[in-house]
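I opened my notebook for a first walk through this structure. Here is what I looked up, entry by entry.

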Amino acid sequence: MSYQITIQPSGATFTSEADETLLEAALRQGLIMPYGCKDGACGACKGTLKAGTVDLGRYQAHALSAEEIEAGQVLLCTSKATSDLTLENRQVVKAGAIPVKTLPGRIEKLEKLAPDVIAMHLRLPASEKFVFHAGQYIDFLLKDGKRRSYSLANAPEQEGTLELHIRLVPGGLFTEQVFGTLKVKDILRFEGPHGGFFLREESTKPAILLASGTGFAPIKSIIGHALAQDSRRPLHLYWGGRTQADLYMPTLPEDWAGKYPHIRYTPVLSEPEPGWSGRTGFVHRAVMEDYPSLAGHQVYACGAPVMIDAARKDFLAQCALPEEEFYSDAFTFSAPGM
């Protein structure tokens, strides 16, 4: 059994089988929409049900509250259609002509940026051109059939190599290989690009770029792309961590802010060491202090689901940010050994 799904206000349509989630069906048919964890944990893929019925599936309560369900909201990554549907999601766009490819990549460099962060540089086959939107990610295809997703940190204009920022997860099957056994010249297979987290270049609104931890990787790609395009759109990067070690490339955003008048940088630490003179507390709260009104802005947030969830709720409720102007990519981690 298949059902017809209509997305408003874009008018985009797709079909969904009874045994697949709405997100799976939409991505399969070339639509781009915001999503993060794909398993009901981050809340990035919310839509509002205007007509029809769904099975909400399994999700975490913090990602979809009882009040949101009462208001008709659903998570596209867990919900399955049980009738034809009309959904409202203002961030859905056509994927365009960028193909998803499966390619090999040879490790060219493993660069330790912090005790628990490595930048992996992959060399692509000479005959291949890998096209992507700044902010998207790839899936590494592991031998056991599992996948591991990592955002691309380089700008699309950089040809020949891809850059990934990989944080060590104790007990993590793939990350422990990266930190322990993988070496230069090893070959990894990957698939991509994936994801709806990328800068909407048709907008001229000032953008707040909000990152925690290795959520800096896709933000780095976005800023690099904007600079390559000679964009003068105002960009304000807020990068949050517990300690200074979590801000593992501190001089790069400082250099951007020093060289380009339209780029600003604010580092924020929640557990600063003695002597730290910068901002402290929750990184999204620093944004709220600086921008009591976000009515004329876009926000691009990447990192821990708890940060993204808090930022979305507070920016919409307290800073007048339009819901359709919040874009996010939540980083979730597989359980140890998985």
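**Entry 1: helix α4.** I began by looking up which residues of α4 are buried, and I found F216, A217, P218, I219, K220, S221, I222, I223, H225 and A226. That makes 10 of the 13 residues in α4, so I noted the helix as mostly covered. I should add for any newcomer that this is a predicted model.

Next I checked the length of α4, which covers residues 216–228. At 1.5 Å a residue, its 13 residues should span 18 Å, and because the end C-alpha atoms are 18 Å apart, the expectation agrees with the model. I also looked at what comes after α4 and met D230, whose phi is positive, near 60°.

**Entry 2: the second largest pocket.** I looked up its volume, which is about 540 Å³. The lining has 23 residues, and the closest to the pocket centre are S212, G213, G240, G241 and A304. I then asked which elements give two or more residues to this lining, and they are β17 (235–241), α6 (283–290) and α7 (305–318). The largest share comes from α7, with 3 residues. By kind, I wrote down 9 nonpolar, 10 polar and 4 charged residues for the lining of this pocket.

**Entry 3: an open sheet.** I traced 6 strands in the order β13-β12-β15-β10-β11-β14, with antiparallel pairing. The edges are β13 (147–151) and β14 (161–167), each of which pairs on one side only. From one strand to the next, I noted an average twist of 40°.

I picked one pair here to follow by eye. Strand β11 (residues 117–123) pairs with β14 over 7 bridges in the antiparallel sense. One spot to find on screen is V117, which stands opposite R167 in β14.

**Entry 4: strand β8.** Which side chains of β8 (residues 85–88) are buried? I found that L85 and L87 point to one face and are buried, while T86 and E88 point to the other face and are not.

Then I looked up the partners of β8. Strand β1 (residues 2–8) runs parallel to β8 and is joined to it by 4 bridges, and Q8 stands opposite E88 in β8. Strand β4 (residues 46–51) runs antiparallel to β8, with 3 bridges joining them. For A51, I noted T86 as the bridge partner in β8.

Methods
Residues numbered from 1 in each chain as written. Predicted model: local features only at pLDDT ≥ 70, side-chain atom pairs only at ≥ 80, totals over all residues. Heavy atoms only, no water. Expected span 1.5 Å × (residues − 1). Buried < 20%, exposed > 50% of the residue type's maximum accessible area, 1.4 Å probe, protein only. 1 Å grid on protein atoms, 1.4 Å probe; cavity = no way out; pocket = protein on both sides within 12 Å on 5 of 7 lines; lining within 4 Å. Points joined across faces, edges and corners; volume = space filled by probe spheres on them. Nonpolar A, V, L, I, M, F, W, Y, C, P; charged D, E, K, R; others polar. Pairing = 2+ DSSP bridges. Axes fitted to C-alpha atoms, helices over the stretch in contact; angles between N-to-C directions.
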